[in-house]
Amino acid sequence: MSLGKETNNVMPNNSSNMNDVNRIAYGAEFKGDLATANDMRIDGDFDGRLYCEGRLVVGQKATIKGDIFCTDVDFSGTMTGGNIYTRATLSLKGGCSVHGDLFFQRFQVELDAKFTGSCKVLDEGEFAKVSAPVAALLK
């Protein structure tokens, strides 16, 4: 017990909650570069470059044009141009449509997923190199 002192065991406000998810809702449009340390869900329109240190979920009604750099991607929407770079797992869900090149360590494709482009296995060093310009937005 300390006299004259208060102790505070509360976490500082600048800590990130592991359950935080950033969203671009259906009907919303985003143009430009976006970087996040948290998970992300897109159900609207995205045009630009996205860097996500967590999992990215692209919903069925989402439209993407641009490059994606993420740890894991679950893709159900439409990509009209750009490339997807994943540090770990890329999953193309049934009904999605992707026009672009895919780079990943692990790849999963469901029935009825449509894909036009090339595929390449990407190691950690290659991912760090290609994602560095967008990852710098977090600093």
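Colour the chain by pLDDT to begin: this is a predicted model, with a mean pLDDT of 89 and 86% of the residues at 70 or more. Now select residues 1–15. The pLDDT of this stretch is below 50, and in the model the stretch has zero contacts beyond near neighbours in sequence. Where pLDDT is low, the predicted coordinates should not be read in detail. Hide the stretch if it clutters the view.

Switch to a cartoon of the whole chain. The chain holds 13 strands and one helix, and in sequence order the strands come before the helix, as β-β-β-β-β-β-β-β-β-β-β-β-β-α. Of the contacts with a separation of 6 or more, 11% join residues 24 or more positions apart. Turn on the surface: the accessible area is about 8,300 Å², and carbon and sulfur atoms account for 50% of that. Of the 139 residues, 37% are buried.

Next, go inside. Show the side chains of Ile42, Leu56, Ile68, Phe75 and Ile84. In the largest nonpolar core, which has 22 residues, these five touch the most other members. Strands S3 (39–42), S4 (45–58), S5 (63–75), S8 (89–92) and S10 (102–104) each give two or more residues to this core.

Centre on Phe75. Which residues does Phe75 contact, leaving aside neighbours within four places in sequence? They are Val58, Ile64, Ile68, Ile84, Ser91, Leu92, Lys93, Cys96, Ser97 and Val98. Apart from the largest core lies another one, of eight residues; select Tyr85, Phe103, Leu122 and Phe127, which are among them.

Phe127 leads to the helix, H1, so labelled at residues 124–135. Check the distance between its end C-alpha atoms: H1 spans only 14 Å, whereas a straight helix of 12 residues would span 16 Å at 1.5 Å a residue. Which residues of H1 are buried? Select Phe127, Ser131, Val134 and Ala135. These residues lie on the same side of H1, because they cover an arc of only 75 degrees around the axis. To see what they pack against, add strand S2 (29–36), S4, S5 and strand S7 (84–86).

The last stop is Asp112, in the loop between strand S11 (106–109) and strand S12 (114–116). Read off its backbone torsions: Asp112 is not a glycine, yet its phi is positive, at about 75 degrees. Most residues other than glycine have a negative phi. Is Asp112 buried or exposed? Asp112 is exposed, with a relative accessible area of 61%.

Methods:
Residues numbered from 1 in each chain as written. Predicted model: local features only at pLDDT ≥ 70, side-chain atom pairs only at ≥ 80, totals over all residues. Heavy atoms only, no water. Core = buried A, V, L, I, M, F, W, Y, C linked by side-chain atoms within 4.5 Å. Buried < 20%, exposed > 50% of the residue type's maximum accessible area, 1.4 Å probe, protein only. Helix = DSSP H or I, 4+ residues; strand = E, 2+ residues; numbered from the N terminus. Contact = heavy atoms within 4.5 Å. pLDDT = per-residue confidence, 0-100. Areas by Shrake-Rupley, 256 points an atom, 1.4 Å probe, with all protein chains shown as cover. Expected span 1.5 Å × (residues − 1). Arc of directions from axis to C-beta.
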